[in-house]
There are 2 protein chains.
Amino acid sequence: MQLKQAIIIDEKIGMSTGKMMAQACHASLKAYERASETQQNKWSLKGQKKIILSSGDNELQDLLTRAKHNKLPTYLVKDAGHTELEPGTKTALGIGPAEESKIDKITGELELIK
Amino acid sequence: MQLKQAIIIDEKIGMSTGKMMAQACHASLKAYERASETQQNKWSLKGQKKIILSSGDNELQDLLTRAKHNKLPTYLVKDAGHTELEPGTKTALGIGPAEESKIDKITGELELIK
């Protein structure tokens, strides 16, 4: 069973590259903390596979709802609004580590960020 | 005492934005895993402050050496070379979570990635 983590970014809200990287790291670490220790360990043993995806407009909340419905570990980053964005702007969503096929059911339509 | 984590990226090796985000997430999570549980918890309670910095040419190894010398938790990401880069290319370095002043002594000259 292959595990992975998906990190989904709302690119269209106009974050700088550094800002996007920071939001991705928040989402990744927080979603990881919400996985079971078993899943954490399995994923770590296999190299912590991560994919970085782009969401559609205002899609992060919907993806979060679907991932939660499937009982996957998730974390939605809302920006504090100190720098580039309005407070509370949804910037990034981490899903997993979890079984790859379960994540693909939710994120399979999204494009990789190049 | 303020804690933070620095994630330093070698931008000049020509990674795509998505690739840089994935490497930043690897560095962040792995360096986090190497911190003590006390530091992990203190940092989490204060919102897991992260800064994303740009290294000079081939500077990641040198920064790693200095951070290790100061007994800070670190992780240097070397790319597996499956996609954009030569195998073993040093792409990103995570330092911390650790005391902000100790990290600044090592990374204070580096520029934030915008």
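Okay, let me start with the contacts in chain A: among those between residues at least 6 apart in sequence, 73% join residues at least 24 apart. Keep in mind as I go that this is a predicted model.

Staying with chain A, what does the layout look like? There are four helices and five strands, and if you read along the sequence you get β-α-α-β-α-β-β-α-β. Overall, the C-alpha atoms fill a box of roughly 40 × 25 × 25 Å along the principal axes. The radius of gyration is 13 Å, which agrees with the value near 13 Å for a compact globule of 114 residues. As for burial, 52% of the 114 residues of chain A count as buried. The accessible surface of the chain comes to about 5,600 Å², and carbon and sulfur atoms account for 46% of that.

Now the sheet. In chain A, five strands make an open sheet with mixed pairing, and the order is 3-4-1-2-5. Which strands stand at the edges? Those are strand 3, residues 74–78, and strand 5, residues 111–112; each has a single partner strand, so one side of each is left without a neighbour in the sheet. Further in, strand 1, residues 3–9, pairs with strand 4, residues 90–99, in the antiparallel sense, over six bridges. If you want one spot to click on, take A:Ile7, whose bridge partner in strand 4 of chain A is A:Gly94.

On to the aromatics. How many aromatic pairs are there over all chains? The count comes to two. In chain A, the partners are A:Tyr32 and A:Trp43, with ring centres 5.8 Å apart and planes at 40°, so this pair is tilted. What I like here is the placement: A:Tyr32 sits in helix 1, residues 17–33, and A:Trp43 in helix 2, residues 37–45, so the pair links distant parts of the chain, with the two positions eleven residues apart in numbering. Let me put that better: A:Tyr32 and A:Trp43 are eleven residues apart, and their pair links distant parts of the chain. Both A:Tyr32 and A:Trp43 are buried.

Chain B has a pair too. B:Tyr32 and B:Trp43 form a tilted aromatic pair, 5.8 Å centre to centre with 40° between the planes. Here B:Tyr32 is in helix 1, residues 17–34 of chain B, while B:Trp43 is in helix 2, residues 37–45, again eleven residues apart. For burial in this pair, B:Tyr32 has 8% relative accessibility and counts as buried, and B:Trp43 is buried at 0%.

Last topic, the cysteines. How many disulfides does a search of the whole structure find? Zero, over all chains. So why is A:Cys25 not in one? Its sulfur is 4.1 Å from the closest cysteine sulfur, the one in B:Cys25, and that is too far for a bond. The cut-off I'm leaning on is 2.5 Å between the sulfurs. Coming from the other side, B:Cys25 is in no disulfide either, and the nearest cysteine sulfur to it is that of A:Cys25, 4.1 Å away. Are these two cysteines buried or exposed? A:Cys25 counts as buried, at 1% relative accessibility, and B:Cys25 is buried as well, also at 1%.

So, if you have the structure open, go to the two Cys25 sulfurs, in chains A and B, 4.1 Å apart. Then turn to A:Tyr32 and A:Trp43, the tilted pair of chain A. That's my tour, thanks.

Definitions and conventions
Residues numbered from 1 in each chain as written. Chains lettered and ligands numbered in written order. Predicted model: local features only at pLDDT ≥ 70, side-chain atom pairs only at ≥ 80, totals over all residues. Heavy atoms only, no water. Buried < 20%, exposed > 50% of the residue type's maximum accessible area, 1.4 Å probe, protein only. Phe/Tyr/Trp six-rings, centres within 6.5 Å; stacked < 30°, edge-to-face > 60°. Rg over C-alpha atoms; globule rule 2.2 N^0.38 Å. Contact = heavy atoms within 4.5 Å. Areas by Shrake-Rupley, 256 points an atom, 1.4 Å probe, with all protein chains shown as cover. Pairing = 2+ DSSP bridges.
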